Structures are given as C-alpha cells and as structure tokens.
Amino acid sequence: MSDVAFVVPVYNEASVIGDVITEIRAVTPYVVCVNDGSRDGSAAAIVRAGGYLVDHPINMGQGAALQTGIEFARALPQIQRFVTFDADGQHLVADAVRMLKLLEEGDLDIVLGSRFLGEVIGAGRSKRVLLKAAVKFSNVTSGIRLTDAHNGLRAFNRHVAETMEITAPDMTHASEIIELIAANSYRYREMPVTIRYTDYSTSKGQASVNAVNIAVDTLLRRVTRQ
C-alpha cells in the first residue's frame, strides 16, 4: 500500500510504540508518528522502529498531534489515503486494511471504525456505559447517527485530509471530527472493528471526569459556531 500513510499520535508510549510501528510497516512504510512532548523514550523508539518522527516540543494534545501528522502526511505527494491509529496497541492493522479496501472503491470519503458493531475485548461495564452515553450525546449534537463516537481508527481520502482542519487540541477532537463530517458533507460509513483493552491501554485511558469536560467543550463549540 504505497499510497497509504498511518498517522499515530504518541505521548509516553516508549514501551509499545515500536511494536505498533512494526505491525503497520508490514502494510505500508509510511508511519507518521507525532511525538507529542513525551518525557520517556518514545522518540528514540519511533526512530528505531522506522517510523517518521515529527516532534512537538511540548504536549499539545491528541487533536493537535493528529492535525500535525495529517499535514505532514499530505505533504508526501504519493499519499492518497490516510489512517488515524492509536499508539497504545488497541487497534488491529487488519481492521485498517479492510477499511482502506472499502475506501478504495471510491464511493466514500471516510470510513469510521465501530467497536460496537465489532468486538470489544477487555472493557469493563462502566467504560461500555460511558462510551455508549457518549454515542447518544454525539448523535444529538452532531446530527450524524453513529454507533461509536470516539474510535480513533479512521481511514479517509486526500480530499478529507486537505479540508478537515482539527482545531480542538485535546480529546474533544473526536467530537469535532464528527461535526466536520456533517459540515463538509463527507460521504461516510462505519465498519466493525475490534478494540483490545489491556491493562496498559486502560491505564492510559481517560478519566471519567474528562467525559464531562468533552461534553461541555462540545456544547461550547456548537454555540460559538452558530
């Protein structure tokens, strides 16, 4: 897949990012890792594994890291398809490949991964309840009906990469991307994917209070855009 770039935001993932890059490089050499102010050895691990290293000198948030990575990847002229992929090993490269094949058919601009159409491994009841509440909230505020609102696995074409400007620097970027799908009339579809929660990825996850912050930020952004 020489026309595909994976964009991976990285923050203190030195212990796992090498394996994630190795798995991705089995399908494409273009693995753009945005080291978002990590204080561990993430940058060195990215270089050792053969990823493209893009450095944020300070931690700016996952939304900002994604936007930086997308801008870097779209500067590579051969890249026509883009994947956003989490650094903690919770996504499967095989799922991304299936999403890219669907995108290649040309009828869609963006394919969104859905854990609730697919499989969730290792998630507790409280996390499932919180994630499904987020889906209901997103469906109301964005006007787009999805089954999974905050899945970091997405595949999209160059048109989306060139027109989707993520301004939310933190975790609210996931809600903003859904809003941009509606605002820009992107053709979209969800695809079943598997999410693997491990002790490691769970320890890196968001605190429940952040869900409240995301909801407030989403409402504020909606008000300011009106």
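Mentor: A crossover is right-handed if, with the strands pointing away from you, the path from the first strand over the helix to the second runs clockwise. Keep that handy, and remember this is a predicted model.

Trainee: Okay, so which elements make a right-handed β-α-β unit with β3?

Mentor: That would be β2 and helix α2, residues 42-49, together with β3. There's another right-handed β-α-β unit, made by β1, helix α1 (residues 17-25) and β2.

Trainee: How do β2 and β3 pair, parallel or antiparallel?

Mentor: Parallel, over 5 bridges, with β3 covering residues 52-56. In that pairing, Asp36 stands opposite His56 of β3.

Trainee: And how many bridges join β1 to β2?

Mentor: 5, and those strands run parallel too; β1 is residues 4-10. Val10 has Asn35 of β2 as its bridge partner.

Trainee: Is β2 mostly covered or mostly open?

Mentor: Mostly covered: 6 of its 6 residues, 31-36, are buried. Val31, Cys33 and Asn35 point one way, while Val32, Val34 and Asp36 point the other, and all are buried.

Trainee: Switching to the helices: at what angle do α1 and α2 pack?

Mentor: About 30°, with the axes 9 Å apart. Angles under 35 degrees count as roughly parallel, so α1 is roughly parallel to α2.

Trainee: Left-handed or right-handed crossing?

Mentor: The α1 and α2 crossing is right-handed.

Trainee: Which residues make the contact?

Mentor: From α1, Ile17, Gly18, Ile21 and Arg25; from α2, Ser42, Ala45, Ile46 and Ala49.

Terms used: Residues are numbered from 1 along each chain as its sequence is written. This is a predicted model: local features need pLDDT of at least 70, side-chain atom pairs count only at pLDDT 80 or more; totals for chains, interfaces and linings use all residues. Side-chain values use heavy atoms; hydrogens and water are left out. Buried means under 20% relative accessible area, exposed over 50%, partly exposed in between (1.4 Å probe, protein chains only). Helices (H or I, at least four residues) and strands (E, at least two) are DSSP runs, numbered from the N terminus. Two strands pair if DSSP finds at least two bridges between them. Axes are lines fitted to C-alpha atoms, for helices over the stretch in contact, and angles run from 0 to 180 degrees between N-to-C directions. Angles under 35 degrees count as roughly parallel, over 145 as roughly antiparallel, 65 to 115 as roughly perpendicular and the rest as oblique. A crossing is left-handed if the near helix is turned anticlockwise from the far one by less than a right angle, and right-handed if clockwise. Contact means heavy atoms within 4.5 Å.
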